[in-house]
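Student: Got a minute to go through a model with me? I'd like to start with the overall picture and then get into the details.
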Amino acid sequence: MRGAILLALGLSVTGCATITRGTHDVFVVETDPIGASVTTTNGFTCKATPCSLKMSRKSDFDVTISKPGYKTWTGHVTNKVAGGGGAAMAGNVLVGGIIGAVVDGNNGSMLDLVPNPLSVKLEPGEDAPASGSAAGVGN
């Protein structure tokens, strides 16, 4: 009986996305050429690419990338259920962890930022705005 309880407890912990994945993700921005500045609508910035920003997995934001002598690029980053997040949710359901399933569903731990990494090839030109979708990188 004690072994069954320990096994169930172990399975519930390994199936919990909050524990195995966390609620934050490292968002990576790469540009060609390097050295561009990055600003996001959720308040994050970096002075020069490549760079990494620690963000909530639930984030949904716009990214503006600029560099003198190149067109400014703007795109969108969102989130989606990740393979590992879905497996952790299934683990919660199978073991009967309704509380874990609710927590994982609300805190974003089963999500991934997309696209990540964000790779953008900047176009030479004046600092005239050029927009694009983050999914359609290479504008």
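Student: Of the contacts in the protein chain with a separation of 6 or more, what share comes from residues 24 or more positions apart?
Tutor: Such pairs account for 67% of those contacts. Keep in mind that this is a predicted model.

Student: OK, and how many helices and strands does the protein chain have?
Tutor: There are 4 helices and 9 strands. Going along the sequence, the order is α-α-β-β-β-β-β-β-α-α-β-β-β.

Student: What percentage of the residues is buried?
Tutor: Buried residues come to 33% of the 139 in the protein chain. As for the surface, about 7500 Å² is exposed, with 63% of that supplied by carbon and sulfur atoms.

Student: Let's go inside. How many residues does the largest nonpolar core have?
Tutor: That core has 17 residues. Phe27, Val38, Phe61, Val63, Ile65 and Leu118 are the ones with the most contacts inside it. E1, E4, E5, E6 and E8 each put at least two residues into this core. As background, nonpolar side chains in soluble globular proteins tend to be buried together.

Student: Phenylalanine 61 caught my eye. What is it in contact with, leaving aside neighbours within four places in sequence?
Tutor: Phenylalanine 61 contacts Phe27, Thr40, Thr41, Asn42, Met55, Gly75, His76, Val77 and Leu113.

Student: Now E1. Which of its side chains are buried?
Tutor: Asp25, Phe27, Val29 and Thr31 are buried, and they point to one face. His24, Val26, Val28, Glu30 and Asp32 point to the other face and are not buried. That fits the usual picture: in a regular strand the side chains alternate between the two faces of the sheet.

Student: And in what sense does E1 pair with E4, parallel or antiparallel?
Tutor: E1 and E4 run antiparallel, over 6 bridges. Valine 29 has cysteine 51 as its bridge partner in E4. With E8 the sense is parallel, and E1 pairs with that strand over 4 bridges. There, threonine 31 stands opposite valine 120.

Student: You mentioned cysteine 51. Which cysteine forms a disulfide with cysteine 51?
Tutor: Cysteine 46 does, and the two sulfur atoms are 2.1 Å apart. A search of the whole structure finds 1 disulfide. The link between cysteine 46 and cysteine 51 is left-handed, with -40 degrees about the S-S bond.

Student: Are those two cysteines buried or exposed?
Tutor: Cysteine 46 is buried, at a relative accessible area of 11%. Cysteine 51 is buried too, with 10%.

Student: Switching to charges: how many salt bridges does the structure hold?
Tutor: It holds 4 salt bridges. One of them joins aspartate 25 and arginine 57, whose closest N and O atoms are 3.7 Å apart. Aspartate 25 sits in strand E1 and arginine 57 in the loop between strand E4 and strand E5, so this pair ties together parts 32 residues apart in sequence.

Student: Why does aspartate 25 count as buried?
Tutor: Because its relative accessibility is 16%, and the cut-off for buried is under 20%. Arginine 57 is buried as well, with a relative accessible area of 7%.

Student: What else does aspartate 25 touch, not counting residues up to four places away in sequence?
Tutor: Besides Arg57, aspartate 25 touches Leu53, Lys54, Met55, Asp112, Leu113 and Asn116.

Student: And the far end of E1, what does aspartate 32 meet in a salt bridge?
Tutor: Lysine 121, at 3.3 Å from N to O. Aspartate 32 is in strand E1 and lysine 121 in strand E8, 89 residues apart. Aspartate 32 is partly exposed, at 42% relative accessibility.

Student: Which residue meets lysine 71 in a salt bridge?
Tutor: Glutamate 123, with an N to O distance of 3.4 Å. Lysine 71 lies in the loop between E5 and strand E6, and glutamate 123 in the loop between E8 and strand E9, 52 residues apart. Lysine 71 is partly exposed, at 30%, and glutamate 123 is partly exposed, at 31%.

Student: Last one: which residues are joined into one network by salt bridges that share partners?
Tutor: Asp25, Arg57 and Asp112 make up that network.

Conventions:
Residues are numbered from 1 along each chain as its sequence is written. This is a predicted model: local features need pLDDT of at least 70, side-chain atom pairs count only at pLDDT 80 or more; totals for chains, interfaces and linings use all residues. Side-chain values use heavy atoms; hydrogens and water are left out. A salt bridge is a side-chain nitrogen of Lys or Arg within 4 Å of a carboxyl oxygen of Asp or Glu. Buried means under 20% relative accessible area, exposed over 50%, partly exposed in between (1.4 Å probe, protein chains only). Contact means heavy atoms within 4.5 Å. Accessible areas come from the Shrake-Rupley method with a 1.4 Å probe; for residues, only the protein chains shown count as cover. A nonpolar core is a set of buried Ala, Val, Leu, Ile, Met, Phe, Trp, Tyr and Cys residues joined through side-chain atoms within 4.5 Å. A disulfide is a pair of cysteine sulfur atoms within 2.5 Å. Two strands pair if DSSP finds at least two bridges between them.
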